[in-house]
Amino acid sequence: MRRAEVAANWLERSVINNFARKLRSRFADELRFLANAKAQPKTIGAVWPTGSVMARRMASIVDPHAKLPVLELGPGTGCITKAILARGLAPEKLFAVEYSAEFVTELKLRFPKANILAGDAFNLDDTLSDHRDQKFDCAVSALPLLNFPLAMREHLLADVLGRLAAGRPMIQFSYGPFAPVAAKPGCWTVERYDFVLRNIPPARLWLYRKPV
């Protein structure tokens, strides 16, 4: 009887431990995201990582056959990065700028052939370093722009659009009802691209372009 109890207890612990390992693996990105959100609340503007549906919609502006590379801002746990590469873009043609050192480490492990750059998206000259003069086909931004003053948002938008091919867009998410940066005649236009209900929380996607 004693042996049977020991065996039953061992089996129960084994099942529980195995379940816990699978649970930690399944929600590893979410746990890292929440830890970074707590440590750096201003640089993370969501309560949960970007969902796969929203990631695919944001990545949908990427033309994998374009000659120029793609600029990604604020890749975080890499959900949008994965969606961008899933469109067929060669990883060497992706430049992803991330502020969090922990996220940078994880991104380099997950996407070893992509250009994962540690630095501030609001200072792209320094962050891009030797690639500061590089032109991009489009930009995909998951930066929490509403966490920053309007002047900083406008500066970033003008800077990014100035690095894109003529007429090509920058896509930006927002949880508010309005675009995080309003259109500025002669400088940039903005249009609503989508409203993703299947995201936590639901998000609006906006396209910015520099007039041709």
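Which residues have the most contacts inside the largest nonpolar core? In this predicted model, they are Met-58, Val-62, Ile-84 and Val-140, within a core of 29 residues. The chain that holds this core has 212 residues, of which 43% count as buried, and its secondary structure consists of seven helices and seven strands.

**Overall architecture**

- Read along the sequence, the helices and strands follow the pattern α-α-α-β-α-β-α-β-α-β-α-β-β-β.
- Among the contacts in the chain with a separation of 6 or more, 67% are accounted for by residues 24 or more positions apart.
- The accessible surface of the chain comes to about 11600 Å², and 57% of that surface belongs to carbon and sulfur atoms.

**Nonpolar cores**

- In soluble globular proteins, nonpolar side chains tend to be buried together.
- The largest nonpolar core, with its 29 residues, draws at least two residues from each of helix 3 (52–59), helix 4 (79–86), strand 2 (94–98), helix 5 (101–110), strand 4, strand 5 and strand 7; its largest share, five residues, comes from helix 3.
- Apart from this core lies another one, of 24 residues, which includes Phe-95, Leu-117, Leu-128 and Trp-206.
- Val-140, one of the residues with the most contacts inside the largest core, is in contact with Met-58, Ile-61, Val-62, Val-70, Leu-71, Glu-72, Leu-73, Ile-80, Ile-84 and Ile-171, when its neighbours within four places in sequence are left aside.

**Ser-141 in strand 4**

- Ser-141 is found in strand 4 and has a relative accessible area of 0%, so it counts as buried, the cut-off for that term being under 20%.
- The side chain of Ser-141 is joined to that of Gln-172 by a polar contact of 2.5 Å.
- Not counting residues up to four places away in sequence, Ser-141 touches Met-58, Leu-73, Met-170, Ile-171, Gln-172 and Phe-173.

**Helix 7 and its cover**

- Helix 7 comprises 12 residues (150–161) and, at 1.5 Å a residue, should span 16 Å, which agrees with the 16 Å that separates its end C-alpha atoms.
- The buried residues of helix 7 are Arg-153, Leu-156, Leu-157, Asp-159, Val-160 and Leu-161, a list in which Arg-153 and Asp-159 stand alongside leucine and valine residues.
- The elements that cover these buried residues include strand 1 (70–73), helix 6 (124–128), strand 4 (138–141), strand 5 (170–174) and strand 7 (203–209).
- Among these covering elements, strand 4, strand 5 and strand 7 also each supply at least two residues of the largest nonpolar core.

Technical notes: Residues numbered from 1 in each chain as written. Predicted model: local features only at pLDDT ≥ 70, side-chain atom pairs only at ≥ 80, totals over all residues. Heavy atoms only, no water. Helix = DSSP H or I, 4+ residues; strand = E, 2+ residues; numbered from the N terminus. Expected span 1.5 Å × (residues − 1). Buried < 20%, exposed > 50% of the residue type's maximum accessible area, 1.4 Å probe, protein only. Contact = heavy atoms within 4.5 Å. Core = buried A, V, L, I, M, F, W, Y, C linked by side-chain atoms within 4.5 Å. Polar contact = N/O pair within 3.5 Å; in protein donor to acceptor, adjacent residues only side chain to side chain. Areas by Shrake-Rupley, 256 points an atom, 1.4 Å probe, with all protein chains shown as cover.
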